[in-house]
Amino acid sequence: MKIIDFTKLTTLNAIAVNYGIKKELLQKVIDTTDYATIYETLKIPKINKFKGYRTVYKADWFLADFHKNILTSIDNFLLQVNIDDYIHTSAHGFLKGKTTLSNAKVHLNKKELLQVDIKSFFKSIQISSVVEVFEKLGFTSDMAKLMTQLCSINNAIEEGLNTSPMLANLYFYEIDEKLYELAIKYK
């Protein structure tokens with residue numbers, strides 16, 4: 001995919017043209033009040049079956065492709081800038097070239113390890129924060145709001161959407177920095 005200058009995406013039509021999707025399909029996502037028409041809801045059992053299931057959303061083909069293209073364009077953008085200004089170096093989740101193994105290697109031979117899980121991880125990120133992520137990437141305020149709407153369900157980024165992991169990594173930069181500083185401080 002070509003490199004997209006996010007600052008030039010100033011209309012819904014410009015987004016449609018640059019991402020190779022019909023404007024009417026994007027408008028359908030914006031106008032929908034019934035997300036079941038564009039997302040399939042999947043219930044996936046958790047590893048510990050007594051803890052229930054995870055709700056994961058699967059987008060219609062056109063929207064899934066659109067989300068993949070957004071993800072690719074963000075990846076391409078990050079190749080053109082200093083990625084460390086956008087995603088913390090200690091982040092490992094959902095990043096090319098980083099795996100659970102690369103994450104585990106960082107923790108080898110450590111005396112103590114603190115593992116935490118953020119309940120409803122993606123939903124914990126406020127929509128206004130996702131708008132700020134798109135603005136940091138170069139989108140105008142109005143287009144950042146529009147992109148957020150196109151990458152969220154009921155005002156939340158959700159598990160299953162191709163863009164959610166990247167948006168979360170971009171959002172968590174400052175939190176990752178604070179956690180990293182604490183880890184260094186307390187060895």
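How many nonpolar, polar and charged residues does the lining of the second largest pocket have? Keep that question in mind while opening the model, which is a predicted one, and begin the tour at this pocket.

**First stop: the second largest pocket**

Select Asp75, Ile83, Leu95, Lys96 and Met166, which lie nearest the centre of the second largest pocket and belong to a lining of 19 residues. The elements that give two or more residues to this lining are helix 3 (61–80) and helix 7 (164–171), and it is helix 3 that gives the most, with five residues. Colouring the lining by class answers the opening question, since eleven of its residues are nonpolar, four are polar and four are charged. The space that these residues enclose as a pocket has a volume of about 370 Å³.

**Second stop: helix 6 and what covers it**

Move next to helix 6, residues 141–150, and show the side chains of Met143, Ala144, Leu146, Met147, Thr148 and Leu150, which are the buried residues of this helix. To see what covers them, bring in helix 1 (12–19), helix 2 (23–31), strand 1 (39–45), helix 3 and helix 5, all of which are included in that cover.

**Third stop: the loop between helix 6 and helix 7**

From helix 6, follow the chain into the loop that leads to helix 7, where Thr163 is found. Is Thr163 buried or exposed? Its relative accessible area is 2%, and because buried means under 20%, Thr163 counts as buried. With its neighbours within four places in sequence left aside, Thr163 is in contact with His67, Ile70, Leu71 and Cys151, so these four are worth displaying together with it.

**Fourth stop: the salt bridges**

The structure holds three salt bridges, and two of them can be reached without leaving this loop. Select Glu159 and Arg54, which form a salt bridge in which the closest N and O atoms are 1.9 Å apart. Glu159 lies in the loop between helix 6 and helix 7 while Arg54 belongs to strand 2 (residues 53–59), so the pair ties together parts that are 105 residues apart in sequence. Both partners are partly exposed, Glu159 at 25% relative accessibility and Arg54 at 32%.

Now select Glu158, which forms a salt bridge with Lys123, the closest N and O atoms being 3.8 Å apart. Because Glu158 lies in the loop between helix 6 and helix 7 and Lys123 in the loop between helix 4 and helix 5, this pair ties together parts that are 35 residues apart in sequence. Glu158 itself is buried, with a relative accessible area of 6%.

The remaining stop among the salt bridges is the pair of Asp5 and Lys8, with its closest N and O atoms 3.9 Å apart. Here Asp5 is partly exposed, with a relative accessible area of 36%, whereas Lys8 counts as exposed at 59% relative accessibility.

**Last stop: Phe121**

Return to the loop between helix 4 (100–106) and helix 5 (127–137), and select Phe121. Which residues does Phe121 touch, not counting residues up to four places away in sequence? They are Ala168 and Phe172. At 27% relative accessibility, Phe121 counts as partly exposed. For a final distance, draw a line from the C-alpha atom of Phe121 to that of Cys151, which is 30 residues away along the chain, and the separation is 16 Å. Cys151 has already appeared on this tour, as one of the residues in contact with Thr163.

Notes: Residues numbered from 1 in each chain as written. Predicted model: local features only at pLDDT ≥ 70, side-chain atom pairs only at ≥ 80, totals over all residues. Heavy atoms only, no water. 1 Å grid on protein atoms, 1.4 Å probe; cavity = no way out; pocket = protein on both sides within 12 Å on 5 of 7 lines; lining within 4 Å. Points joined across faces, edges and corners; volume = space filled by probe spheres on them. Helix = DSSP H or I, 4+ residues; strand = E, 2+ residues; numbered from the N terminus. Nonpolar A, V, L, I, M, F, W, Y, C, P; charged D, E, K, R; others polar. Buried < 20%, exposed > 50% of the residue type's maximum accessible area, 1.4 Å probe, protein only. Contact = heavy atoms within 4.5 Å. Salt bridge = Lys/Arg side-chain N within 4 Å of Asp/Glu carboxyl O.
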